[in-house]
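The exercises below invite a newcomer to work through a structure one region at a time. Each task is followed by a solution that proceeds in steps.

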Amino acid sequence: MKTINLTEWALRHKALIYFFIILTFVMGAYSYQNLGRTEDPEFVVRKMVISVVWPGANAQQMEEQVTDKIEKKLLDTPGLDYLNSYSAPGKSYIFVNLDFSVEHDKIQPTWLDVRNMVNDIRDTLPEGVLGPYFNDKFSDVFCSVYAVTGDGYSYEAMRAEAEKIRRLLLEVDQVKKVQLMGVQPEKIYIEMESSKLAKLGISPNAILATLKGQNAMTPAGMIETSSDDVYVRVSGMFDEVEDIGDMPVHTGSGTIRLGDIASIQRSYADPAEPKMYYNGQPAVGLMLSMEEGGNVLTLGEALSRMVSKIQKDLPVGLELHQVADQPEVVKESINEFVITLLIAVVIILLVCLFTLGIRTGAVVAIVIPLVIAGVFAVMQGSGIALHRVSLGALIVAIGLLVDDAIIILESMTVKLEEGWERTEAAGFAYVNTARPMLTGTLITCAGFIPVGFSQGSAAEFLGSLFWVTTIALLISWIVAVTVTPVLGYQLIRLKPAHKASGRDVYDSKFYRWFRKLLNGCLENRQAVLIVTLAAFLASMFMVRYIKQDFFPESVRPELILDLRLPPGSSIQATDETGKQFAGQLKDDPDIVDYSYYVGQGAPRFILSHEPVLASSDFAQFVIVAKDLEARERVAKKLDGILTRFPSVEGHYRSIQIGPPAKYPVMLRVSGYERDTVRNIAEQIRTLMASEAYLRDVNLDWNQKSKVVRLTIDQNKARLLGVNSETLASTLQAQLSGVPIDEFREKDKTVGLSFRLDSSSRNDAANMKDLNIPLSSGQYVPLDQIAKISYDAEDGVIWRYDLKPTITLQADVTGGVTGTDATKKIYQELASLRQELPLGYSVEMAGSAETADIALANLLKVVPFMAIVMMILLMLQLESIPKMLLTLFTAPLGMIGVIPALLLTHQPLAFVTYCGILALAGIIIRNSVILIDQIDKQLAQGEATWNAIINAAVLRFRPIMLTALAAILGMVPLMTSIFWGPMAVAIAAGLFVATMLTLLVLPAMYAVWYQAVPKS
């Protein structure tokens, strides 16, 4: 720093500096307009879903014969974190979760490995298994969701219109893909009465074979002439639905039209596919995702223009509604944070104007937007978008980036007041402060290292906090040593004083009082250090009284309501329950609109919402309230509505910021035997239900599904020529229906299925009378060859890392955080956990588990942060004792942090821990500046005692001004539900630590170097 004086260079090249100032402002303005914009930063969802279908299998068979085999193979997946799955009758879903150490560019190759491994064992799966099917796009976010509704319109009419709209939306710039949901596929059902089949002696298989043969698409050859290829086309395929009824069917007594003995109906799939409703009306949804790196606001504007055109062109009665509008949410969120940023800038400018004067404050007024412009330019170049975290990081940085400018200006001002010439004063400011400022800046950046380099979804979510702050602080140092002196040279006008006048600017009433206070601290240094240590220990003791949390709830107005019917419930029953529930929400003045989904969950319209896969007993509502107060009123109303549905397991929640969790309190019970796991879970549920701070305790699987068991009289069945396979396939055809072929109509195909009529198949009491065809052409009632009984079986079996697992879930009462409640109940289970059999465990799940993992990952990087800080301190101070003294000041911030969190009722959230680590770097920065000044005083020949006092006096003003700027810069963030805990921690910690740095650090220095007062 002594060989190259950047300030003197800048003063000699003012035109170049002015050019770069203008260029930076232009680049910043351009970058701001073109930066990507999202509500929250993206975090990578390292999850793949594998689905398998095995018609006819129960949940236990699916688990043992399919799920278990696939999961064992998947243990070889590179970078695997854990596997979880659920097996249900006829299907299973396996979730492959990768560890956070797997880099983003390695995820897709890993999914390819997963596909290959599962395909390798496909032949070992039972015969009749369909799949496996792979979904490696589980994390896709659909930023805009629309609903097509039409009073009096059929599902098919709405689908056809939605398909037209889909193609138009795909033409919009930045649209990646558009998918339809809630579509009800058409089917053609051929239905017959069971008694009529027996009377006519017609085998269902004969009807199926006749239909398939009639409608087959089979090549009839080609005639090759000398000039043309002439294809032969055979007629007979079904062109109209009526053609099916005209098809002749052979009976024992002759031939008869199929339409004369069967009902042929064109309707929708039965049971229905998952449905969507908007404000209680049946709807077909359009889910739209944006290209990676796109600007959601630009996309939103383009969509608005396109949708406006589409709405004008819709047929009368059809309507297109916006269900989820992420562009509008992002716009409001960005505008809110920009206003907060402007407030922070204004506050800091006012501080500088009142403390430094009009002209000096004017320099800072130019420096702040200049640095922000530079940050925007670098953000665009590095691909960092504007969102909750990057803008919050910029607000945090605002209070820190003026520090270097204030130090330079304060140093210049002092020398100008002493009568120095402006160029000389500016050059001295660089020589005197540039190196410790750079060290302090790098140390402040190092305080954010754990956020930038730890692993996990939480760290990915907050990662831009490190990068934006670091970019801002590094640019601020460059601006401080180049632009600030040039502007100060032009703007600062102090009345020159003669150098020989001997006037001491630090010989004022305040500084005399401060010297007296410092002398008292040095003379009573042991007492000062003991009191400080006691205050630190007391603050650490109070940590236990602070609420703990992971990430807070979002301030978005949506409420997500899950409705779970008893296992095995039909989608028809779920649909009816959804309609009844929707009727309770109709005309509620607090609700803007609502949509609900039957048979599956809502699409991932925001990254922190995890969709629920298809399940016939599940429905999910997305209710949009007018504001937060209305959201609370709607929540209370939902409590009342849920009491009217005692058989339905209902749960509502707000949208979470960051990684999602279904319930605030979640505990996972795992083991090898399902019944033992169930017994353990029931014990824990009983304990949890007795706790006043928990409510709505439930298990994710416990109840059993109804089944009808047929015990076949094998001897009689063999005599009649009926085996179990034939019987099962016959019952499948008669009860649920069996696909025959496809009816081809223009650009679509409609499935053709055979089944019994509704009176024969939907009444369990009539099941005994079902006629089973024999090889002889005759029929026998079912109860002649089988005994019918009713039973229950597992409707779903969850597994975690290959073990059957039950998750206990609960909501919390007011004032209790989910993390606190989870850890409290977990501690209460200590004795039960110790008594568990080998291979069984009870673990925290949900947000509490994620929070512990995130904090552990954060703390893993702290040693690296400490090493970086020590290296920087040694490069600056070149003294191990001084380095240690500086590091000892870092914990002083806790004396202010803990009481402030208690007084403001802020939790120890993940962002709070990040703020505490960052606070350590800010405190050490001030300590470096003070110790560097002590070294300068000693180099001038002062005694240690006097050097300590004079250094503290000289650095009091810049340290206090920079601390005040940083503290007040946090004020606008204190009202933020997300940033509030961090802002309070940094502001309160820095306030107390700054005071103690100016008093306790001199006392520690005096103790270490045995300073004694001298005249």
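**Exercise 1. Find the partners of strand β2 in this predicted model, and describe how each pairing is made.**

Solution. Begin with strand β28 (residues 797–800), which runs antiparallel to β2 and is joined to it by four bridges. Within this pairing, Y86 stands opposite W798 of β28. Turn next to strand β3 (residues 91–98), to which β2 (residues 80–88) is joined by eight bridges, again with the strands running antiparallel. Here A88 stands opposite K91 in β3. Finally, look at the connection: β2 and β3 form a hairpin with two residues between the strands, and in this hairpin G90 takes a positive phi near 80°.

**Exercise 2. Decide whether strand β16 is largely enclosed or not, and identify the strands that pair with it.**

Solution. First consider burial, for which a residue must have under 20% relative accessible area. Strand β16 (residues 558–564) has six of its seven residues buried, and it is therefore largely enclosed by the rest of the structure. Then take the pairings in turn: with strand β18 (residues 618–625), β16 pairs in the antiparallel sense over seven bridges, and A619 of β18 is the bridge partner of L563. With strand β19 (residues 649–654), the pairing is antiparallel as well and extends over six bridges, with E649 of β19 as the bridge partner of R564.

**Exercise 3. Describe the largest nonpolar core and the surroundings of F581.**

Solution. The largest nonpolar core has 219 residues, and F581 is among those with the most contacts inside it, a group that also includes L169, I368, L462, F621 and L638. Helix α13 (residues 388–417) gives the most to this core, contributing 19 residues. Now narrow the view to F581: once its neighbours within four places in sequence are left aside, this residue is in contact with L561, L563, F621, L638, I641, L642 and F645. Apart from the largest core lies another, of 37 residues, among them Y93, A681, I684 and V842.

**Exercise 4. Classify the crossing of helices α17 and α31, and name residues that make the contact.**

Solution. The axes of helix α17 (residues 509–523) and helix α31 (residues 944–970) come within 10 Å and cross at roughly 135°. Angles over 145 degrees count as roughly antiparallel and those from 65 to 115 as roughly perpendicular, so α17 is oblique to α31. The crossing of the two helices is right-handed. Among the residues making the contact are F510, Y511 and F514 of α17, together with W945, I948 and I949 of α31.

**Exercise 5. Set out the strand order of the open four-stranded sheet and place helix α23 against it.**

Solution. The order of the strands is β12-β7-β24-β23, and the pairing is mixed. The edge strands are β12 (263–268) and β23 (738–745), each of which pairs on one side only, while the twist averages 30° from one strand to the next. Strand β7 (residues 186–192) runs antiparallel to β12 and is joined to it by six bridges, with I188 standing opposite R266 in β12. Helix α23 (residues 724–736) lies across β23 and β24 (748–756), and it runs at about 110° to β24.

**Exercise 6. Which elements help to cover the buried residues of helix α29?**

Solution. The buried residues of α29 (residues 894–904) include M894, I895, V897 and L901. Their cover includes α18 (525–541), α30 (910–939) and α32 (980–1008). Just after α29, H905 takes a positive phi of about 60°.

Notes: Residues numbered from 1 in each chain as written. Predicted model: local features only at pLDDT ≥ 70, side-chain atom pairs only at ≥ 80, totals over all residues. Heavy atoms only, no water. Pairing = 2+ DSSP bridges. Axes fitted to C-alpha atoms, helices over the stretch in contact; angles between N-to-C directions. Contact = heavy atoms within 4.5 Å. Buried < 20%, exposed > 50% of the residue type's maximum accessible area, 1.4 Å probe, protein only. Core = buried A, V, L, I, M, F, W, Y, C linked by side-chain atoms within 4.5 Å. Parallel < 35°, antiparallel > 145°, perpendicular 65-115°, else oblique. Left-handed = near helix turned anticlockwise from the far one by under 90°.
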